[in-house]
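Student: Could you take me on a close look at the nonpolar core of this one? I'd like the cut-offs along with the picture.

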Amino acid sequence: QVQLVESGGGLVQPGGSLRLSCVASGFTLDRNNIGWFRQAPGKERERVSCISSSGTMTYNADSVKGRFTISRDNAKNTVYLQMNSLKPEDTAVYYCAARGYYCSGRISEYDYWGQGTQVTVSS
């Protein structure tokens, strides 16, 4: 069974930090590019970060550059999203997704998706 499971979301104050995890099962994560997407109520789902299968290439959206860091530990079949200096506008459901090619920004080009984890940034 192919599965991606996100965890690590929660409520945090502005300026705080969270680390999200995406654990894969049923497929070889180290041969997949992994993207992090988020969706706030009433808004389009947007890509925030992506990491290549080897970990040598990463992408970060302008809105999160300098604050978010994507990384992977293939031995643990896990990809992480370290989120620092969080802002209220970062509030969204965060999803991880996998595909076997390049780090596409198009939702339709990802093969596997997790169910999401809620991140709420509020004082």
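Tutor: Accessible areas here come from the Shrake-Rupley method with a 1.4 Å probe, and for residues only the protein chains shown count as cover. By that reckoning the protein exposes about 6,400 Å², with carbon and sulfur atoms supplying 44% of it. Keep in mind that this is a predicted model: local features need pLDDT of at least 70, side-chain atom pairs count only at pLDDT 80 or more, and totals for chains, interfaces and linings use all residues. Residues are numbered from 1 along each chain as its sequence is written, and side-chain values use heavy atoms, leaving out hydrogens and water.

Now the inside. Of the 123 residues, 44% count as buried (under 20% relative accessible area, 1.4 Å probe, protein chains only). A nonpolar core is a set of buried Ala, Val, Leu, Ile, Met, Phe, Trp, Tyr and Cys residues joined through side-chain atoms within 4.5 Å. The largest has 27 residues, and Trp36, Val79, Leu81, Met83 and Tyr94 have the most contacts inside it. Among the strands (DSSP runs of E, at least two residues, numbered from the N terminus) that each give this core at least two residues are E4 (33-39), E8 (78-83) and E9 (92-99). A second core lies apart from it, with five residues, including Phe37, Cys50, Ala97 and Tyr110.

Zoom in on Tyr94: beyond its neighbours within four places in sequence, its contacts (heavy atoms within 4.5 Å) include Glu6, Trp36, Phe37, Leu81, Met83 and Val119. Chain-wide, 58% of the contacts with a separation of 6 or more join residues 24 or more positions apart.

Technical notes:
Buried < 20%, exposed > 50% of the residue type's maximum accessible area, 1.4 Å probe, protein only. Helix = DSSP H or I, 4+ residues; strand = E, 2+ residues; numbered from the N terminus.
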